[in-house]
Amino acid sequence: SAWAEKNLAERGIDVHWVADHDTMYRLVAKGRVDAVAYVGLVARYHIKTLGLQNQLAEFPLETVPVPFHIVIGKRSPYVKTLPKIDETIRQMKQDGTFQKIYDKYR
């Protein structure tokens with residue numbers, strides 16, 4: 001989403017770029033990096049799977065929301081499924097399935 005580039009690097013904050021999520025959290029746990037700014041739900045999932053819950057602390061950071069989109073090629077046979085995807089997500093939110101999935105990764 002280029003969030004770190006816009007909100008950190010362009011403002012003069014020293015950013016250390018890494019190849020993957022796990023590396024970010026391991027560097028913080030080892031004291032080689034001071035902090036990571038990332039989506040809380042995703043961060044909690046990676047921290048939990050790495051077993052770093054007792055080594056890292058989370059602090060909320062309110063920023064401008066970053067919208068995400070599903071991108072499908074115009075010639076893809078799945079383009080016709082977009083209305084169904086929208087409806088399924090709406091139903092999942094209504095019946096609690098969406099929240100159950102969200103809670104699983106907390």
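**E87 is partly exposed, with a relative accessible area of 33%, and pairs with R90 in a salt bridge.** The model shown is predicted. The view is centred on the side chains of E87 and R90, whose N to O distance is 3.4 Å. E87 belongs to helix α4. The two residues are 3 apart in that helix, so about one helical turn separates them. R90 also counts as partly exposed, because its relative accessibility is 46%, within the range of 20% to 50% used for that class. In general, side chains of opposite charge can pair when their charged atoms come close.

**R44 and E58 form a salt bridge at 2.6 Å, N to O.** The structure holds 2 salt bridges. The pair in this view joins helix α3, which carries R44, to the loop between α3 and α4, which carries E58, so parts 14 residues apart in sequence are tied together. Both ends are partly exposed: R44 has a relative accessibility of 22%, and E58 has a relative accessible area of 47%.

**The largest nonpolar core consists of 10 residues.** Its members are M24, Y25, L27, V28, V33, A43, I47, L50, L52 and L56. Helix α2 (21-29) and helix α3 (40-50) each supply at least two of these residues. The most comes from α2, which gives 4 residues to the core. Membership requires burial, so each residue of the set has under 20% relative accessible area. In soluble globular proteins, nonpolar side chains tend to be buried together.

**H21 of helix α2 and V42 of helix α3 are set 9.1 Å apart, C-alpha to C-alpha.** Along the sequence, 21 residues separate H21 from V42. H21 is partly exposed, with a relative accessible area of 27%. V42 is partly exposed as well, at 30%.

**A nonpolar surface patch is made by I70, V79, L82, I89 and F98.** The area of this patch is about 380 Å². One of its residues, I89, is placed in helix α4 (residues 82-95). I89 counts as partly exposed, because its relative accessibility is 32%. A residue may join a patch if its relative accessible area is over 30%, so the 32% of I89 passes that cut-off.

**The C-alpha atoms of E87 and I70 lie 14 Å apart.** This view relates the patch to the charged pair of helix α4. Along the chain, 17 residues separate E87 from I70. I70 is one of the residues of the nonpolar surface patch, whereas E87 takes part in the salt bridge with R90. The helix that holds E87 is α4, and I89 is placed in that helix too.

**K93 lies over the face of F98.** The distance from K93 to the ring centre is 5.3 Å. A charge counts as sitting over a ring if it is within 6 Å of the ring centre and within 35 degrees of the ring normal, so the K93 distance of 5.3 Å falls inside the first limit. F98 is also among the residues that make the nonpolar surface patch, together with I70, V79, L82 and I89. As for contacts between rings, a search of the whole structure finds 0 aromatic pairs. No view of such a pair is therefore included, because pairing would need ring centres within 6.5 Å.

Definitions and conventions:
Residues are numbered from 1 along each chain as its sequence is written. This is a predicted model: local features need pLDDT of at least 70, side-chain atom pairs count only at pLDDT 80 or more; totals for chains, interfaces and linings use all residues. Side-chain values use heavy atoms; hydrogens and water are left out. Rings of Phe, Tyr and Trp (its six-membered ring) pair if their centres lie within 6.5 Å; planes under 30 degrees apart count as stacked, over 60 as edge-to-face and the rest as tilted. Patches are made of residues with over 30% relative accessible area and no salt bridge: like charges are joined within 9 Å, nonpolar side chains (Val, Leu, Ile, Met, Phe, Trp, Tyr) within 5 Å. Accessible areas come from the Shrake-Rupley method with a 1.4 Å probe; for residues, only the protein chains shown count as cover. A salt bridge is a side-chain nitrogen of Lys or Arg within 4 Å of a carboxyl oxygen of Asp or Glu. Buried means under 20% relative accessible area, exposed over 50%, partly exposed in between (1.4 Å probe, protein chains only). A nonpolar core is a set of buried Ala, Val, Leu, Ile, Met, Phe, Trp, Tyr and Cys residues joined through side-chain atoms within 4.5 Å.
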